[in-house]
Amino acid sequence: MNKLLAALLVAGFASQAQADVRITEWMYSGGSGEFIEFTNLGTSAVDFTGWSYDDDSRLVGGFDLSGFGLVGAGESVIITEIDAATFRLDWTLAGSVKVLGGYTNNIGRADELNLFDGAGSLVDRLTYGDNAAAGGPRTQNFSGRATSAAALGANDATLWVRSSVGDVEGSYASLSGAVASPGVTAFAAAVPEPETYAMLLAGLGLIGFMARRRA
């Protein structure tokens with residue numbers, strides 16, 4: 001009975017806290033350097049150990065993302081071709097924003113972004129062109145942003161547009177003149193309500209109480 005209750009409790013909590021990581025912004029050229037942003041849209045932290053990124057070569061392990069460690073619910077993280085400190089300075093980002101610099105498989109005007117989890121499974125892919133007619137905005141000095149939540153994970157760059165200062169993502173100009181909103185997205189899921197954790201703790205307490213009675 002105790003094992004069944006524990007299994008049901010864990011399964012129920014997990015169903016409320018599914019991780020859902022997506023590509024949420026990219027800029028192939030401009031400013032101090034290109035970047036790609038990933039966001040945990042789920043309601044629980046995700047361990048990025050073993051996760052990786054690659055472009056259209058689609059090779060698992062192309063660029064190791066383990067350095068992000070635990071990525072919290074609603075947290076956005078960034079990879080860039082330049083030094084992380086230089087990127088933060090250009091975009092006036094706080095030290096709490098996780099940035100991995102120095103990746104070398106640079107993206108082009110028309111390319112593909114691939115995100116893989118620790119098991120090597122494809123988590124998200126975005127293939128884009130170099131103009132609206134070819135499939136997506138040209139992200140030179142302006143990042144690409146999704147027009148709706150439905151665009152995230154759909155692998156349809158026609159659902160993305162160029163960022164503009166003051167848009168729904170809160171985009172702004174960097175010190176070098178590029179426009180984007182690295183480190184934040186309007187589509188981030190809300191952090192689980194306190195009552196969710198309260199339910200989990202209460203359930204664990206009940207399991208402990210029943211175990212003591214049985215002993």
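These exercises, each with a worked solution, walk through the predicted model shown above.

Before starting, note that residues are numbered from 1 along each chain as its sequence is written, and that side-chain values use heavy atoms, leaving out hydrogens and water. In this predicted model, local features need pLDDT of at least 70 and side-chain atom pairs count only at pLDDT 80 or more, while totals for chains, interfaces and linings use all residues.

**Exercise 1. Find how many helices and strands the chain has, and what share of its residues is buried.**

Step 1. Take helices (H or I, at least four residues) and strands (E, at least two) as DSSP runs, numbered from the N terminus. The chain then has four helices and 14 strands.

Step 2. Call a residue buried under 20% relative accessible area, exposed over 50%, and partly exposed in between, with a 1.4 Å probe and protein chains only. Of the 215 residues, 43% are buried.

Step 3. Now look at contacts (heavy atoms within 4.5 Å). Taking those between residues at least 6 apart in sequence, 58% join residues at least 24 apart.

**Exercise 2. Locate the largest nonpolar core and say which strands supply it.**

Step 1. A nonpolar core is a set of buried Ala, Val, Leu, Ile, Met, Phe, Trp, Tyr and Cys residues joined through side-chain atoms within 4.5 Å. The largest has 29 residues, and those with the most contacts inside it are I36, F38, Y53, L65, I79, I107 and L113.

Step 2. At least two residues of this core come from each of β1 (21–27), β2 (35–40), β7 (76–80), β9 (111–116) and β10 (122–128). The largest share, three residues, is that of β1.

Step 3. Pick out I79 and leave aside residues up to four places away in sequence: its partners include I36, F38, Y53 and L65, and also E34 and Y103.

Step 4. Finish with the second, separate core, which has 12 residues, among them F35, I82, F87 and L93.

**Exercise 3. Work out which parts of the chain the salt bridges of E112 and R145 tie together.**

Step 1. Side chains of opposite charge can pair when their charged atoms come close. Here a salt bridge is a side-chain nitrogen of Lys or Arg within 4 Å of a carboxyl oxygen of Asp or Glu, and the structure holds six.

Step 2. E112 pairs with R58, with the closest N and O atoms 2.7 Å apart. Because E112 lies in strand β9 and R58 in the loop between β4 (52–54) and β5 (63–64), the pair ties together parts 54 residues apart in sequence. E112 is buried at 5% relative accessible area, whereas R58 is partly exposed at 44%. A network of salt bridges links R58, E112 and R125.

Step 3. R145 and D167 meet at 3.1 Å, N to O. R145 is in strand β11 (residues 144–146) and D167 in the loop between β12 (160–162) and β13 (172–173), so this pair ties together parts 22 residues apart in sequence. R145 is buried at 14%, and D167 is buried at 11%.

**Exercise 4. Which residues of α2 are buried, and what do they pack against?**

Step 1. The buried residues of α2 are A84, F87, D90 and W91. They line one face of the helix, because they fall within an arc of 125° seen down its axis, taking directions from the helix axis to the C-beta atoms.

Step 2. These buried residues pack against β1, β2, β7, β8, β13 and β14 (179–180).

Step 3. Just after α2, T92 takes a positive phi of about 50°.
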